[in-house]
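Biologist: I should like a close look at the aromatic side chains of this protein. Please describe how the rings are paired and where the paired residues lie.

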Amino acid sequence: MRRLLFIVAMSCLTLAVGAQSATDELQSDRRRSASNLMVYPEPLQRLTPSPKGKRPFYISHYGRHGSRYQTRIGDFDYVINTLLQASRRNALSPLGSDVLRRLEQMRAASLEHIGELSSLGVTQQEGIATRMYARFPDIFSRNAFVDARSTLSVRCILSMNIFLLQLARHNPSLQIVQDASMADLYYMMPTDMTLAGRGASVETKEEYRDWCDRHAKWQRVVNQLFSDTAFVTHRVNGPRLNYYLFRLASGLQNTEPEDGLTLYDLFTDEEIYANWSRENAYWYLTSGFALSSGGEQPFAARALLRRIIEQADSSMHQPRPSAHLRFGHDTVLLPLVCLMGVNGFDFSTSDLSQLETHGWLNYRVFPMAANLQLVFYRKDVNDADIVFKVLLNENEATLPIPTDIAPYYHWRDFRDYCLQRINDYEARQTR
């Protein structure tokens, strides 16, 4: 009876979350419109108790680095140079002059930290590690084994080190091994030129441009910055200026300026939505099961999924608890989530207008410090029925396979499902 009530409750919760539109969610928190530049939202969910008679013994994780500074100084320079040209010609409005001042302040604060992990990014990794330890103490007990890997990005390496230091503070007896090596990049940051080519095909680019043109909301944003309409007409690339302004507005949340500096005040709710919609479509076309870009983009993460499966299988035969922690990037995490079908992100369509209806909202997957955790449970080392659950950003998630123990799944069912998908895909490539 309790299990039935839980399933009903979870179904109602899923329907409630799915029913809330992106418009509603963006209005309640504009930071969500930043897509992959959104700050990490701490989990609010209380986890379901362990299955009867089973205890957690292993965790497999892929996480994105924490919040960072802007990765390109050119984003600042393009907007600043455009506004400076207007200023020299007395073509800036008072608001434009104020925005120029803000941008110069932002650029100065970011200049020597381009692409670096911010202090907020440090706090995020410490928090995720602390909650992981507190939620699954059985996994990190005594001399448990922890294997951590990172890509070669400095912000990823630092995220890994901060995470491991936090675990070690809670249990100094952990046996920790860590590395950042080119030898691991084939699965930690996989590259598939064939799939990348389809995602950047002429047809895909045309579809994306058409979507952006049909949802363009830049005129008011740009015009308010200038006092001379002729200057705007002849010297300003409006869509491009709007794009960079919105990127800078989105990224600012990751460095927490002390004076409350913002650029979001330049945009209305409708413009916020339009800018996010453009980014959502882009990520779907390049990382989701978009039919118009071949319907296979998520298979770029197949080597990572194979590695996750192989290491999980190996860990099941070990008597002591263990964890595999991996620190990488949004461009890998999103395809992995889609490939696994987490929370319905394996949705496939050729109609971009269907994404919101089906809950394909990018900010739900890959904010800064985003993470996917597979937590495994067993009775003892001889238990043949290993079960697990998936946490997306530390909240319990669903998978596209049947289960009689939701939110838990039988590992053998999911393992077979994933390997069959990967094998079928690779077989198609050899024909």
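Modeller: The account below begins with the whole protein and then turns to the aromatic rings.

The model is predicted, so local features need pLDDT of at least 70 and side-chain atom pairs count only at pLDDT 80 or more, while totals for chains, interfaces and linings use all residues. Residues are numbered from 1 along each chain as its sequence is written, and side-chain values use heavy atoms, with hydrogens and water left out.

The protein contains 16 helices and 10 strands; these are DSSP runs numbered from the N terminus, with helices (H or I) of at least four residues and strands (E) of at least two. Its radius of gyration is 23 Å, close to the 22 Å that the globule rule gives for 431 residues, so the protein is as compact as a globular protein of that length. That radius is taken over C-alpha atoms, and the rule is 2.2 Å times the number of residues to the power 0.38. Buried residues account for 53% of the 431 residues, where buried means under 20% relative accessible area, exposed over 50%, and partly exposed in between, with a 1.4 Å probe and protein chains only.

As for the aromatic rings, those of Phe, Tyr and Trp (its six-membered ring) pair if their centres lie within 6.5 Å; planes under 30 degrees apart count as stacked, over 60 as edge-to-face and the rest as tilted. By this rule there are 25 aromatic pairs. In one of them, Tyr-273 and Trp-276, the ring centres are 5.7 Å apart and the planes stand at 50°, so the pair is tilted. Both residues belong to helix H13 (residues 269–287), where they are 3 residues apart, about one turn of the helix. Tyr-273 is partly exposed, at 24% relative accessibility, whereas Trp-276 is buried, with a relative accessible area of 2%.

A further pair is formed by Phe-388 and Tyr-409, whose ring centres are 6.3 Å apart with planes at 45°, so this pair is tilted. Phe-388 lies in strand S8 (residues 387–392) and Tyr-409 in strand S10 (residues 409–410), so the pair ties together parts that are 21 residues apart in sequence. Phe-388 is buried at 0% relative accessibility, and Tyr-409 is buried at 5%. Phe-388 and Tyr-409 also belong to one aromatic cluster, together with Tyr-58, Phe-376, Trp-411 and Phe-414.
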